[in-house]
Amino acid sequence: MREVDLAVVGAGPAGLTAAIEGAKRGCSTVVLDMNPHPGGQLIKQIHKFFGSREHRAGTRGIEIADTLFHEAESTGVEVMVRAEVYAIHDSTLEVAQTFGEDSPILPSKEATTSHSRSLSIVARRIVLAMGGAENALNFPGWTLPGVMGAGAAQTMINLWRVLPGERILMVGAGNVGLIVSYQLMQAGGEVVAVIEATPRIGGYGVHAAKISRAGVPILTSHTIVGASGESRVERAVIAKVDPSWRIVPGSEEELEVDTICIAVGLRPNARLASLAGCKLHYSPSLGGWVPIHNSRMETTVPRIYIAGDLSGVEEASTALEEGRLAGICAAASLSKERAGDPEEIKAIEQRLLSLRSGPFCQRRQDAKQELIGIAETQCPK
Amino acid sequence: MSQVINSRGYPSQQELRNAPGYPSQERLEKGPVVAIECIEEIPCNPCEQACPQHAITIGTPITNCPHLDEDKCIGCGLCVSQCPGLAIFLIDLTHSQGSASVAFPYEYLPLPKEGQTVCAVNRAGEPVCSGTVVRVQNPKRNDRTPVVTVAVPCKYATQVRGILRSRR
């Protein structure tokens, strides 16, 4: 059994910044991540990030992951990879850690002896930052090989350098669908179409414009009717939908594709938080069931904080800020100076507010406020 | 919020004319200038600092659309590779007699070669005319966003925004 001041679950942008802030304030800090590489989703974000200079906009996500990891190490954070937290009770995290080959897809020849261990970590404070999970979409043929989450396809091309198929149909025109379509083309694939069930493209216009000028049609008010093929996807049928989401008879169209990527949103990966006893609230604007948290990112369970997509699906830039906030507040609650660093907290809150302004993000700001309002009555004082 | 870009995937001429980052016809005719085709209020501002002439302003809040001071823009094109949305183009209607040049970010392999004849495409990816590759720039400061400049007949300069990709 190990004892630490601060245990962080998830080594993405939120988890790493939480750990950095905790360690900077003297907390013995460990970060646990189930994946073989720290960085969360950043390690496959090969595009330049949006946002402001403070959020390293213009820098590619992969480089932000590197910088954060090195900053964490240099502040004394211990990052444990392939370490899956499978239970939390009171202050104890139960962890299963495996050692062995680097890649589950391309195992190296030498690394044949993988082994594992389990360990318990007792933490005075816990920050949960497990991120989001991709939503699935059910349609006839959805279990055929070749149907996958857009995030999975992105992992295949950008992390493992495997192109999942030659001719791809993207379902969903949010930012994930648009960006992954672009990256599939960069990887050498052909995106036959992007379809979107709503009448409007949900992602940024600049991402849509980028793939439009590469000749990819973006079909709004279109849905997938089904996929078929012998032993894997060989074709997809798409159709128009009317304003009440019914398929317009006779509008079906068959596309010859070998891969169908699903990009219909993310939801907070709240299972572990729920297991730990955190109360959840259903918030459509934040992606679904979200752990209730106050403005200090503390949940309804004393000593457990959350940050990043787990606290509502947003962007890497907001995850970086929320992680900092959670780390500062968790560390502050361990010291006599409970107020923490009011100036720094205020500055972070200002930046979050600015990131959540504008037509794309205002509804998230409203949903966050609603959540914090609920927390007033449910979180520890 | 804008309409056409959200239903079609790229901005209409009308939307561009109303955008604070798009230069006037008068300025375009004077020589090299950038066209910032960023018309939605998204939280992003690297272009502001990319311009050594301080011709691009976003200010506060960060969701403001970029504003181009077209008299300050000298058409150096340094901002083209710095826009994370790949939404800035450098247009030179005075490139040569009868031909204009359009520079755009191009993050695909293989890269075209200087002197190569290419098929120039519009914002919808439809072929518009043939063009000649004038320059392919990919210095370190571009951080792996190469900028390709093609020469096309003047009348197509406001339409051409890319080239047909060659398949590996």
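I take a residue as buried if 20 or more other C-beta atoms lie within 10 Å of its own. The model I examined is predicted, and I kept that in mind for each entry below.

**Entry 1. B:Thr63 and its loop**

I began with B:Thr63, which sits in the loop between β2 (56-57) and β3 (67-68) of chain B. Is B:Thr63 buried or exposed? I found 21 C-beta neighbours inside 10 Å, so B:Thr63 counts as buried. I then listed its contacts, leaving aside neighbours within four places in sequence. On chain A they are A:Ser357 and A:Gly358, and on chain B they are B:Glu41, B:Ile42 and B:Pro43. I also checked B:Thr63 against B:Glu26: the two are 37 residues apart in sequence, and their C-alpha atoms are 28 Å apart in space.

The loop between β2 and β3 of chain B also holds B:Pro61. I noted that the peptide bond from B:Thr60 to B:Pro61 is cis, with omega near -5°. I recorded another cis peptide bond between B:Leu109 and B:Pro110, where omega is about -5°. B:Pro110 belongs to the loop between β5 (99-105) and β6 (117-121) of chain B.

**Entry 2. Where the chains meet**

I next looked up the contacts between the chains. On chain B, 38 residues are in contact with 36 residues of chain A. Which elements of chain B give two or more residues to this side? They are α1 (4-8) and α4 (46-50) of chain B. The largest share, three residues, comes from α1(B). I sorted the side of chain B that touches chain A by class and obtained 18 nonpolar, 11 polar and nine charged residues.

**Entry 3. The domains of chain A**

I noted that chain A is divided into domain 1 (2-132 + 266-378) and domain 2 (136-262). Taken over C-alpha atoms, the centres of domain 1 and domain 2 of chain A are separated by 30 Å. Seven residues of domain 1 of chain A are in contact with eight residues of domain 2 of chain A. On the side of domain 1 that touches domain 2, I recorded four nonpolar residues, two polar and one charged.

**Entry 4. Helix α2 of chain A**

I compared the length of α2 (residues 61-74) of chain A with expectation. At 1.5 Å a residue, its 14 residues should span 20 Å, and the end C-alpha atoms are 20 Å apart, which agrees. Which residues of α2(A) are buried? I listed A:Gly61, A:Ile64, A:Ala65, A:Leu68, A:Phe69 and A:Ala72. They cover an arc of only 130° around the axis, so they lie on the same side of α2(A). The buried residues of α2(A) pack against α1 (13-24), β2 (29-32), β3 (78-80) and α7 (316-334) of chain A. On the face turned away from the buried side, I found the exposed residues A:His70 and A:Ser74. After α2(A) comes A:Gly76, whose phi is positive, near 95°.

**Entry 5. A hairpin in chain A and residues with positive phi**

I followed strand β4 (residues 83-89) of chain A, which pairs with strand β5 (residues 92-99) of chain A in the antiparallel sense over six bridges. The bridge partner of A:Glu84 is A:Ala96 in β5(A). Two residues lie between the strands of this hairpin, and A:Asp90 takes a positive phi near 50°.

A:Arg82 has a positive phi of about 50° although it is not a glycine. A:Arg82 is in the loop between β3 and β4 of chain A. With 18 other C-beta atoms within 10 Å, A:Arg82 is partly exposed.

In chain B, I noted that B:Asp143, which is not a glycine, also has a positive phi of about 50°. Its place is in the loop between β7 (127-137) and β8 (147-153) of chain B. B:Asp143 is partly exposed, with 14 other C-beta atoms within 10 Å.

**Entry 6. The sheet of chain B**

I closed with the open sheet of chain B, in which seven strands follow the order β1-β4-β5-β8-β7-β6-β9 with antiparallel pairing. Why do β1 (33-36) and β9 (162-163) of chain B have one side without a neighbour in the sheet? They stand at the edges, each with a single partner strand, so one side of each is left without a neighbour. Within the sheet, five bridges join β7(B) to β8(B), which run antiparallel. I noted that B:Arg135 stands opposite B:Thr149 in β8(B).

Methods:
Residues numbered from 1 in each chain as written. Chains lettered and ligands numbered in written order. Predicted model: local features only at pLDDT ≥ 70, side-chain atom pairs only at ≥ 80, totals over all residues. Contact = placed C-beta atoms within 7 Å. Helix = DSSP H or I, 4+ residues; strand = E, 2+ residues; numbered from the N terminus. Nonpolar A, V, L, I, M, F, W, Y, C, P; charged D, E, K, R; others polar. Pairing = 2+ DSSP bridges. Buried ≥ 20, exposed ≤ 12 C-beta atoms within 10 Å, placed from the backbone. Expected span 1.5 Å × (residues − 1). Arc of directions from axis to C-beta. Domains from an automatic or database assignment.
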